[in-house]
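Good morning, and thank you for coming. Please look at the sequence and the model as they appear, and keep them in view while I speak.

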Amino acid sequence: MAGLVRLSSRIRSLPHAGGAAISSLPRASSSHLLLRYQQLQIPSSFSSPSTPLQLVPSIAQKSTFSSSARANCPRKMTEQSKELRKYLQQSHDKIFESNRKWAEEQRAKNPEFFEKLSAGQSPDYLWIGCSDSRIPAEAITGLGPGEMFIHRNIANLVCNLDLNVMSVVNYAVRHLKVKHIVVCGHYGCGGVKAAMAPQDLGLLNPWLRNIRDVYRLHEKELDALEGDSRYDRLVELNVVEQCRNIIKTAAVQQSYEANEFPIVHGWVFGLNDGLLKDLKVDHEAILHDVQKIYNLTK
Ligand SMILES: [Zn+2]
């Protein structure tokens, strides 16, 4: 049974960070584990925009796998354990199978593909998107390996004290010399929805605080909207504010002054139609606006 507890924690660490999946992970009990395992095979269970908010607290929930529950049905548990282990092995192995096929296809299309890939990178784009598993940045933009530098986190935030995203922006601008920086949010974002609920979400509080601050900045506009319109607009405003945060950085301001790039863009991906919406963020206007206080070019 200790193995099942271990497996339950492994299932919770499967790669579904951000959005619906991260929030729908289970409170572990024997029956819940198998149920969750079955649900894991139904991708549509991740796509409901209504699930993330209510279930976000489950991230912090600990295993409730009690010794009495284990003693009650040892045989059933063993079968479940075997089934679960089989699923975990298969879901692991299929990645390597796909990877081998992908590598073969690339070689078949272009024998020099990996030689070029090994030589270095010079991407034109930096993409800052949500960790949500439903937005594959390269696939939806038609770009391939080497063409886009990518950073993703829950709700595509650019926080001043986040050394991760700040390192990415600095490296992409100063060393890779990207020409475009894209902040891409998406409608139906679980992180944004969670931030709209005034409640304690534990470890997520400081992260979601950034989105709640966006709401506060645009309170009047958002309060005039209702339901999904308000939710969608907060997704858009969050993207615009993250663009503003990027334009506040020294790396972007200095590069733009010297080279006239990178240009910062705000986009939103629609899960319903697969299309990107350009919010037409005015890089020049925002730069002019923020430099009164945040000018870091001197
Ligand atoms: Zn999201």
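**A buried histidine and its surroundings**

Let me begin with one residue, His186, which counts as buried because 27 C-beta neighbours lie inside 10 Å. The cut-off for that word is 20 or more other C-beta atoms within 10 Å. Please bear in mind throughout that this is a predicted model.

Where does His186 sit? Its place is in strand 3, which covers residues 180–186. If we leave aside its neighbours within four places in sequence, His186 is in contact with Cys130, Asp132, Ile135, Val235, Val268, Phe269 and Leu271.

Two of these contacts, Cys130 and Asp132, appear again in a database record. In an unreviewed UniProt entry, the annotation "binding site" covers Cys130, Asp132, His186 and Cys189. These residues span 60 residues in sequence, yet no two of their C-alpha atoms are more than 9.0 Å apart, so they gather at one spot.

Is Cys189, another member of that group, buried or exposed? Cys189 has 31 other C-beta atoms within 10 Å, and therefore it is buried. As for its position, Cys189 is found in the loop between strand 3 and helix 10, the latter being residues 190–195.

I turn now to the strands. The protein has 15 helices and five strands. Strand 3, the home of His186, pairs with strand 4 in the parallel sense over seven bridges. Within strand 4, Trp267 stands opposite Cys184. Strand 4 is mostly covered, with six of its seven residues buried.

How do strand 4 and strand 5 run with respect to each other, parallel or antiparallel? They run antiparallel, and three bridges join them. One residue to find here is Val268, whose bridge partner in strand 5 is Lys277; Val268 is also one of the contacts of His186. The hairpin of strand 4 and strand 5 has six residues between the strands, and in this hairpin Gly274 takes a positive phi near 75 degrees.

That brings me to backbone geometry. As a general rule, most residues other than glycine have a negative phi, and most peptide bonds are trans. With that in mind, let us consider three places in this model.

The first topic is a peptide bond. Phe261 and Pro262 are joined by a cis peptide bond, with omega at about 5 degrees. Pro262 lies in the loop between helix 14, residues 250–259, and strand 4, residues 263–269.

Next comes Glu260, found in the loop between helix 14 and strand 4. Its phi is near 70 degrees, a positive value in a residue other than glycine. Glu260 has 9 other C-beta atoms within 10 Å, and so it is exposed.

Then there is Lys280, whose place is in the loop between strand 5, residues 276–278, and helix 15, residues 283–294. Although Lys280 is not a glycine, it has a positive phi of about 50 degrees. Lys280 is exposed, because 9 other C-beta atoms lie within 10 Å.

Let us move on to the helices. Helix 11, residues 205–217, packs with helix 13, residues 227–247, at an angle of about 100 degrees, and their axes are 10 Å apart. Helix 11 is therefore roughly perpendicular to helix 13. Which residues make this contact? From helix 11 they are Ile211, Val214, Tyr215 and Leu217, and from helix 13 they are Leu234, Leu237, Asn238 and Glu241. Sorted by class, this contact of helix 11 with helix 13 has six nonpolar residues, one polar and one charged.

A further residue, Met196, has its place in the loop between helix 10 and helix 11. Met196 is partly exposed, since 15 other C-beta atoms lie within 10 Å. How far apart in sequence are Met196 and Tyr231? They are 35 residues apart in sequence, and 8.0 Å apart in space from C-alpha to C-alpha. Leaving aside neighbours within four places in sequence, Met196 is in contact with Tyr231 and Leu234. Leu234 also belongs to the contact of helix 11 with helix 13.

Finally, two figures for the whole protein. Of its 298 residues, 31% count as buried. Among contacts between residues at least 6 apart in sequence, 74% join residues at least 24 apart.

Thank you for your attention.

Note on methods. Residues numbered from 1 in each chain as written. Predicted model: local features only at pLDDT ≥ 70, side-chain atom pairs only at ≥ 80, totals over all residues. UniProt positions renumbered as here; feature names shortened; annotations may be inferred. Helix = DSSP H or I, 4+ residues; strand = E, 2+ residues; numbered from the N terminus. Buried ≥ 20, exposed ≤ 12 C-beta atoms within 10 Å, placed from the backbone. Contact = placed C-beta atoms within 7 Å. Axes fitted to C-alpha atoms, helices over the stretch in contact; angles between N-to-C directions. Parallel < 35°, antiparallel > 145°, perpendicular 65-115°, else oblique. Nonpolar A, V, L, I, M, F, W, Y, C, P; charged D, E, K, R; others polar. Pairing = 2+ DSSP bridges.
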